Amino acid sequence: MHNALSENLPRLRKARDLSQEELAAAADVGVDTVGRVERGETRMTRPSTVAKLAKALGVSTESLLGLASADEKRDVQGIATLRRAITATSAIPGLSDFAESSELEAPATLAVTAHEAWRAYVDGHHTTLLHLLPALFVDARRLVHSTSGDDNAVAHRILSTAYRLGAGLVGRFELEDLAWTSAERALAAARESDNIEMETAVSLRYLAWTLVRQRRTADAEQVAVRAAEQIEPRMLDRTPERAGVFGNLIFNAASAALRSGNEGRADDLLAIAQAVAVRAGRDSASEAAIFGPRVAAFQLIDHTMRLGDHEKALRLAERVPKAHGAVPAFWEAGHRLHLAHAASRLRQDRLALAYLAEGRRLAPDWVRRQPLAVKTMRTLVDRAPRRRGKDFGALVAHYGVAGQCTG
């Protein structure tokens, strides 16, 4: 009968490059005890034995038992604060977060803060974003509440940005209903902003993305396609921002179509997005969109993997164009995680580990929170021979498969 202890113990032991005999000696327990625990043959392990094993492995007993880590507990606390910030409203007595107008941030100052939050988002700095966003929500709502005219429109744009970032962040934590609430509020704020057409289209992109995560694929495709039709770049329009928003909406529509089982429709949509990316000629990253030839190539590989063709995905990776312009770290890291998963499915474990190491280098905070990364790392650990060295152990620990060291 396997449990968290029997699954975690061999992973931790391999990560520390120990044999069962070496671990037993270090923990001062019988080697047969270690063997029985790893095989799941013990219904109950003495707390003193668990404590000895954890100490020998350099982890907390909570990590060894599969309980929440300190990072996970901090995430829970941060998300609770962010939930309150997203759902605050003056329409419900007791849920308003308005303050005196004397505490207002100037629109220009608040726009800088919003850009810093967006930078943390695209760089995969979740911890930083969990800290920044709640205060940004409060300040943006205060500004909306206390201004008029042009300043009010700017305040609505900043508030829309905050809600979009909130939707993206909580969506990554798999809180799809909260993501929907945040995306819907982003859309409402966008319609009062100083750039209604563009801000509305960007907010609809987040809504479509949220619908995909909710498995409402038909709705997601319809929302994304209609929004793309409204923002579609004209033949002589070389505005990167418009092309990027359009392309991202088409990506969302293609993803929805594929999840609906309509492979042909998804292929057609991706071809449209790729044509726009080629015409754009450069990769670009802004609060509005992340788009370009390299980004479109990443999307094609993701599409190919979802069809189950991992060999083709790795072949396509060899032809991905170099970045000409800005591609955020979390997009680059996410691409590596997809390739690591493909390599692991093909039992090319060394290649998979190399991609996981690249992902960690590019966006360390972001990758360790990605379920695909953790799943891939766990597969590699379970398949690994004992002797894999310190670099392997460091990867295992980073992706949370072996817990967090106590010292």
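## Enclosed spaces

How many cavities of 30 Å³ or more does the structure hold? There are two of them, and since this is a predicted model, everything that follows describes computed geometry. Let's start with these enclosed spaces and then move on to the open pocket and the aromatic rings.

The largest cavity contains about 60 Å³ of space. Its lining is made up of F251, A254, S255, L258, R259, L270, Q299, D302, H303 and R306. Helices α13 and α15 each contribute at least two residues to this lining, and α13 gives the most, with five. Sorted by class, the lining residues of the largest cavity are four nonpolar, three polar and three charged.

The second largest cavity comes to about 40 Å³ in volume. Around it you will find W118, T161, R164, L165, Y206 and E287. Here helix α9, residues 149-172, gives the most to the lining, with three residues. The class split for the second largest cavity is three nonpolar, one polar and two charged.

## The largest pocket

Now for the open side of things: the largest pocket holds about 1,500 Å³ of space. It is lined by 40 residues, and those closest to its centre are W209, R213, R259, R306 and H338. Two of these names may look familiar, as R259 and R306 also line the largest cavity.

Which elements give two or more residues to the lining of the largest pocket? They are α7 (107-122), α11 (196-213), α13 (240-259), α15 (293-306), α17 (329-345) and α20 (371-383). Of the elements, α17 supplies the largest share, namely seven residues. If you are thinking about the chemistry of the wall, the lining of the largest pocket has 18 nonpolar residues, along with eleven polar and eleven charged ones.

## Aromatic rings

The model has five aromatic pairs in total. One of them joins F330 and W331: the ring centres are 6.3 Å apart and the planes meet at 55°, so this pair counts as tilted rather than edge-to-face, which would need an angle over 60 degrees. Both F330 and W331 are buried. They also belong to an aromatic cluster, whose members are Y121, F330, W331 and W366.

## Charges over rings

Y121, from that cluster, has a charged neighbour on its face: the charged end of R172 sits over the Y121 ring, 3.9 Å from the ring centre. What lies over the face of W180? That residue is R216, at 5.4 Å from the centre of the W180 ring.

## A buried threonine

W180 turns up again in the surroundings of T210, a residue of helix α11. Is T210 buried or exposed? Its relative accessibility is 0%, and because buried means under 20%, T210 counts as buried. Leaving aside residues up to four places away in sequence, T210 touches E176, A179, W180 and A183. W180 is therefore a residue that has T210 in contact and R216 over its face.

Conventions. Residues are numbered from 1 along each chain as its sequence is written. This is a predicted model: local features need pLDDT of at least 70, side-chain atom pairs count only at pLDDT 80 or more; totals for chains, interfaces and linings use all residues. Side-chain values use heavy atoms; hydrogens and water are left out. On a 1 Å grid over the protein atoms alone, a cavity is a set of points where a 1.4 Å probe fits but cannot get out, and a pocket is an open set with protein on both sides within 12 Å along at least five of seven lines; lining residues have an atom within 4 Å of a point. Grid points are joined across faces, edges and corners, and a volume is the space filled by probe spheres set on the points. Helices (H or I, at least four residues) and strands (E, at least two) are DSSP runs, numbered from the N terminus. Ala, Val, Leu, Ile, Met, Phe, Trp, Tyr, Cys and Pro count as nonpolar, Asp, Glu, Lys and Arg as charged, and the others, Gly among them, as polar. Rings of Phe, Tyr and Trp (its six-membered ring) pair if their centres lie within 6.5 Å; planes under 30 degrees apart count as stacked, over 60 as edge-to-face and the rest as tilted. Buried means under 20% relative accessible area, exposed over 50%, partly exposed in between (1.4 Å probe, protein chains only). A charge sits over a ring if NZ of Lys or CZ of Arg is within 6 Å of the ring centre and within 35 degrees of the ring normal. Contact means heavy atoms within 4.5 Å.
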